[in-house]
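Look at the sequence and the model below before reading on. The paragraphs that follow take the structure one part at a time.

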Amino acid sequence: MRNVIQKSLFFLASLFLCMIMIPKPAGAMTTESQSDGKMIYRIQNGESAETTMTVGQQGIFTYDLTGLSDFISGSPVTSVEVTSLYSQDTSVLNVNSDGSFTAVAPGETVVYIQGKYGSYGSYFFGRCDVEVTMDMTNVTLEKESIHSIFPSSTYSYETSILIKNIPENVILSEDNTNFSYVSSNGDMSMSVYLDNNQVKMSFYSAGKTTLTLQINGKEFILHVNLEKVTISQRGAVAAKGKKIQLKIKGTKESPKWSSSNPKVAKVTSKGVVSCKRKGNAVITASFGGEKVGCAISVISAKKMKTIQYAKMIGTKWTYSQPKRMQKGYYDCSSLVCKSYCKMGKKIGGNYAPVAADLAKWCKAHGKKIAKSYTRNHIQKMKLNPGDLMYETGANNGRYLGIYHVEMFTGYAVAYYDAQGKPVLNELWAARPEGYYGGGHLVYRPFP
């Protein structure tokens, strides 16, 4: 008889446990507000409740004894032995073992409470789904407008705006915040997102737009005006004593002009560059944090004729090895020879030398600039217009296996990096801007 009773009790207890594990409609929880503003949340046995609170809210989670009775005696239960009380995500809601809590950051979590009650040690289980939001009443943006320059030499303009008046230790991101935006200008390509209490933006074209931002249900308006700014030249070569007028287009703002080497090239507040002595410099026009610029190379008047002729050949004449010594035709080595003849210099020693012959002549008469030039040589402006670059390594039986020569004709400002430093590209007589990028032998046949 005793075994039958035990089995019956075990069956009933198991059935009861299964019943309380089945989620019931939300809201089976009582709340109480204390005088200090803290809340008490009492979760009922076997229930799944839900609530919403704001960041900074404090209080306590505990059990609700409503309707609980001892399984054996049937008398009302007066307490529960809590064995586990915790928050699934403590970064959102930090709950201590005694049930006291602090809402830490926006997001969602689940609070679980488990324990035993009654003389039979019945199982107590409850949960509460919690959404933590933030009071946006006093939240503002750092500024309401962006007016800046979109330099022609860059692919994007990146900026960010700080979200102000956020509770201490709260970090807003798209993982824990309802965020969206709408642009009034569908022709402007952009990326806008929320991260680390900032609205971060990347614009891929210039223009005007009004951004309507929604952050946790609060609307913010941000006016954007990005002006497409260009400079009349990004790279120039001039003879000592000459002047170059640089002009800015796309904005009415007056830039602040500066030179990286005023002893070589000095610039006025009107963008007039005076070429003082041989060398290289970068002229920069600054509009606040944005910049455009022009790389200037100052050379002798004689070498200027060589550079101009080389550019003319490389852009207007026809490439042909069989006809390379005829007017209107060229190959790599004849371009070099014909161009240097313009400053009264003969290079190579033969009527029609090949690239390897020019390199041998340079070794005997010129100065080696780099065994294998790199981007660092370009950024530090170690090359001068008129320098010769050789491609080596061919199995052709010639000096160093050289099979091609190219004349360096100056620099161009590609863009300015995040630190505001100019990034330069090489210019060549018969190749596009930045074509090689490094890795080849460079000689300077004449200073």
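What covers the buried residues of helix 3? The model in which we look for the reply is a predicted one. In it, the cover of helix 3 includes two other helices, helix 2 and helix 4. It also includes strand 26 (318-319), strand 27 (329-330), strand 29 and strand 30. Helix 3 is mostly covered, with nine of its 10 residues buried. Those buried residues are C332, S333, S334, L335, V336, C337, K338, S339 and Y340. A residue is called buried when its relative accessible area is under 20%.

Take helix 2 next, as one of the elements that cover helix 3. Helix 2 spans residues 301-316 and helix 3 spans residues 332-341, and their axes come within 8 Å of each other. The two axes cross at roughly 145°, and the crossing of helix 2 past helix 3 is right-handed. On the side of helix 2, the residues that meet helix 3 are T306, Y309, A310, I313 and G314. On the side of helix 3, their partners are L335, K338, S339 and Y340. Sorted by class, this contact has five nonpolar, three polar and one charged residues. The numbering within such a list can be read with one rule in mind. An α-helix has 3.6 residues a turn, so residues three or four places apart point the same way.

Helix 4 (residues 355-365) also has a list of buried residues: A355, A356, L358, A359, W361 and C362. Helix 3 is part of what covers them. The cover of helix 4 further includes strand 28 (367-370), strand 29 (388-391), strand 30 (404-416) and strand 32 (441-444). Helix 3, strand 29 and strand 30 have thus been named in the cover of helix 4, while strand 29 and strand 30 also appear in the cover of helix 3.

Strand 28 brings us to K368, a residue found in that strand. Is K368 buried or partly exposed? K368 has a relative accessible area of 47%, so it counts as partly exposed. Neighbours within four places in sequence left aside, K368 is in contact with L441, V442 and Y443. For a sense of distance, compare K368 with D64: the two are 304 residues apart in sequence, and their C-alpha atoms are 88 Å apart in space.

Strand 30 leads on to the pockets. Rolling a probe the size of a water molecule over the atoms shows where empty space is left. The largest pocket found in this model has a volume of about 390 Å³. Its lining is made of 15 residues, and those nearest the centre are S156, E290, Y416, D417 and A418. Strand 12 (157-164), strand 25 (290-299) and strand 30 each supply at least two residues of this lining. By class, the lining has six nonpolar, five polar and four charged residues.

Two loop residues deserve a look for their backbone angles. Most residues other than glycine have a negative phi, and most peptide bonds are trans. N197 has a phi near 65°, which is positive although the residue is not glycine. N197 sits in the loop between strand 14 (190-195) and strand 15 (198-203). With a relative accessible area of 12%, N197 is buried. M381 likewise has a positive phi, near 55°, and is not glycine. Its loop runs between helix 5 (375-379) and strand 29. M381 is buried too, at 13% relative accessibility.

Strand 3 (residues 48-54) holds T51. T51 has a relative accessible area of 16% and is therefore buried. Apart from neighbours within four places in sequence, T51 is in contact with M29, Y41, C128, D129, V130 and E131. S48 lies in strand 3 as well, and it is buried, with a relative accessible area of 12%. S48 and Y436 are 388 residues apart along the chain, and 67 Å separates their C-alpha atoms.

The last stop is V104, in the loop between strand 7 (100-103) and strand 8 (107-117). V104 is partly exposed, with a relative accessible area of 29%. Leaving out neighbours within four places in sequence, V104 is in contact with V55, T90, S91, V92, L93, N94 and V170. V104 and N178 are 74 residues apart in sequence, with 17 Å between their C-alpha atoms.

Note on methods:
Residues are numbered from 1 along each chain as its sequence is written. This is a predicted model: local features need pLDDT of at least 70, side-chain atom pairs count only at pLDDT 80 or more; totals for chains, interfaces and linings use all residues. Side-chain values use heavy atoms; hydrogens and water are left out. Axes are lines fitted to C-alpha atoms, for helices over the stretch in contact, and angles run from 0 to 180 degrees between N-to-C directions. Helices (H or I, at least four residues) and strands (E, at least two) are DSSP runs, numbered from the N terminus. A crossing is left-handed if the near helix is turned anticlockwise from the far one by less than a right angle, and right-handed if clockwise. Contact means heavy atoms within 4.5 Å. Ala, Val, Leu, Ile, Met, Phe, Trp, Tyr, Cys and Pro count as nonpolar, Asp, Glu, Lys and Arg as charged, and the others, Gly among them, as polar. Buried means under 20% relative accessible area, exposed over 50%, partly exposed in between (1.4 Å probe, protein chains only). On a 1 Å grid over the protein atoms alone, a cavity is a set of points where a 1.4 Å probe fits but cannot get out, and a pocket is an open set with protein on both sides within 12 Å along at least five of seven lines; lining residues have an atom within 4 Å of a point. Grid points are joined across faces, edges and corners, and a volume is the space filled by probe spheres set on the points.
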